[in-house]
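Welcome, and thanks for coming along. Please open your viewer, and we will go from stop to stop, selecting a few residues each time.

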Amino acid sequence: MNNKRQGTLFVISGASGTGKGTIINSLLENHKNDLFLSVSATTRSPRKGETNGVHYFFKTEDEFKELIENDGLLEWACFCGNYYGTPKKTVDGMLGRGIDVILEIEIQGAMKIKAKDIGAKFIFILPPSFEELRKRLVERRTETEDVVEKRLQTAKEELQYAVEYDYVIVNDEVDKAVEQIEFIINAEKCRVHKNLNLISEVQKS
Ligand code: 5GP
């Protein structure tokens, strides 16, 4: 049976240190052929171990502004002094091929996607507590103390937007969080409006 359906766009947000990255890596490992993680453009400097084109497309501010002017971004935002944005073409291409796409983005960008009303689903990842979040950020040692404080403050402000999302997941156990997101992805695949071809094929059979 040939059930051609458009992929779903899953927008995942959560403060730095909530473990979004670990959850998403594990999801991608389990879904090598049917899930794609969009690689964002950013003006932030690469961290140790980050590769251009793999973790981000690292851009100068002028290059980033050119992307905005050429309508190359599905959304973009300024977060803690740096620009971040989602390249439009690749995402559209994947969705058109029926592949589900994950955007791991912050809230302003997520709200821009929500305003576009393009059928995206929004998942908010919570840390077990702010105390735990601070601990994870400090232990990660990728940011200075100032940046850790700034990110914690941003995380507190961002929390008020969690109610704008469709789903909320607490990352107290990675495997459990991954499983919960897989449930969401599978449920979305079964939506009636995504399976109208399937219904008509069965009707014809
Ligand atoms: P980091 O600097 O820690 O890699 O990312 C900082 C924040 O930017 C994270 O919350 C991350 O989800 C968000 N982010 C990464 N890529 C994008 C993007 O393309 N658009 C938006 N709006 N946020 C992004």
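Helices and strands here are DSSP runs, numbered from the N terminus. One more thing before we start: this is a predicted model.

**Stop 1: two loops**

Select aspartate 71, which sits in the loop between helix 2 (61-69) and strand 5 (73-79). Its phi is near 60 degrees, a positive value in a residue other than glycine.

Now move along to cysteine 80, in the loop between strand 5 and strand 6 (82-87). Cysteine 80 is not a glycine either, yet its phi is positive, about 45 degrees. Is cysteine 80 buried, partly exposed or exposed? At 26% relative accessibility, cysteine 80 counts as partly exposed.

**Stop 2: the ligand**

Next, select the ligand and show what lies around it. How many residues surround the ligand? There are 16, and the closest are Arg44, Tyr56, Tyr84, Glu104 and Glu106.

Three polar side chains are worth picking out here. In serine 40, a polar side-chain atom lies 2.7 Å from an oxygen atom of the ligand. For arginine 47, an N or O atom of the side chain is 2.9 Å from a ligand oxygen. Lysine 20 has a polar side-chain atom 3.3 Å from an oxygen atom of the ligand. How much of the ligand does the protein bury? Taken alone the ligand exposes 510 Å², and the protein buries 95% of that.

**Stop 3: helix 1**

Keep lysine 20 in view and select helix 1, residues 20-30. Which of its residues are buried? They are Lys20, Ile23, Ile24, Leu27 and Leu28. Look down the axis: these buried residues cover an arc of only 135 degrees, which puts them on the same side of helix 1. To see what covers them, add strand 1, strand 2 (35-37), strand 7, strand 8 (121-126) and helix 7 (174-189), which are among the covering elements.

**Stop 4: asparagine 171**

From here, select asparagine 171, in the loop between strand 9 and helix 7. Asparagine 171 is buried, with a relative accessible area of 4%. A polar atom of its side chain lies 2.7 Å from the backbone oxygen of threonine 18. What else touches asparagine 171, leaving aside its neighbours within four places in sequence? Its contacts are Thr18, Gly19, Ile23, Ile125, Leu126, Pro128, Arg136 and Ala177. You have already met Ile23, one of the buried residues of helix 1.

**Stop 5: helix 4**

Now select helix 4, residues 107-116. Begin with glutamate 106, which caps the N-terminal end of helix 4: one of its side-chain oxygens lies 3.0 Å from the backbone nitrogen of glutamine 108. Glutamate 106 is also one of the closest residues to the ligand.

The buried residues of helix 4 are Ile107, Gly109, Ala110, Met111 and Ile113. Show strand 1, strand 5, strand 7, strand 8 and helix 6 as well, and you will see what these buried residues pack against. After helix 4 comes aspartate 117, with a positive phi near 50 degrees.

**Stop 6: salt bridges**

How many salt bridges does the model have? The count comes to 14. Here are three to select.

Stay with helix 4 and pick lysine 114, which forms a salt bridge with glutamate 164, with 3.1 Å between the closest N and O atoms. Lysine 114 is in helix 4, while glutamate 164 is in the loop between helix 6 (145-159) and strand 9 (167-170), so this pair links distant parts of the chain, 50 residues apart. Lysine 114 is partly exposed, at 34% relative accessible area, and glutamate 164 is partly exposed too, at 33%.

Then select aspartate 100 and arginine 5, whose side chains meet in a salt bridge of 3.5 Å, N to O. Aspartate 100 lies in strand 7 (residues 100-104) and arginine 5 in the segment before strand 1 (9-13), so the pair ties together parts that are 95 residues apart in sequence. Buried or exposed? Aspartate 100 counts as buried at 1% relative accessibility, and arginine 5 counts as buried at 15%. Add Lys189, and you have a network of salt bridges linking Arg5, Asp100 and Lys189.

Finish with lysine 176 and aspartate 172, whose salt bridge spans 3.4 Å, N to O. Lysine 176 is partly exposed at 35% relative accessibility, and aspartate 172 is partly exposed at 46%.

Key
Residues are numbered from 1 along each chain as its sequence is written. This is a predicted model: local features need pLDDT of at least 70, side-chain atom pairs count only at pLDDT 80 or more; totals for chains, interfaces and linings use all residues. Side-chain values use heavy atoms; hydrogens and water are left out. A salt bridge is a side-chain nitrogen of Lys or Arg within 4 Å of a carboxyl oxygen of Asp or Glu. Helices (H or I, at least four residues) and strands (E, at least two) are DSSP runs, numbered from the N terminus. Buried means under 20% relative accessible area, exposed over 50%, partly exposed in between (1.4 Å probe, protein chains only). The arc is that of the directions from the helix axis to the C-beta atoms. Contact means heavy atoms within 4.5 Å. A residue is near a molecule or strand if one of its heavy atoms lies within 4 Å of it. A polar contact is a pair of N or O atoms within 3.5 Å; within protein, one must be able to donate a hydrogen and the other to accept it, and residues adjacent in sequence count only if both atoms are side-chain atoms. Accessible areas come from the Shrake-Rupley method with a 1.4 Å probe; for residues, only the protein chains shown count as cover.
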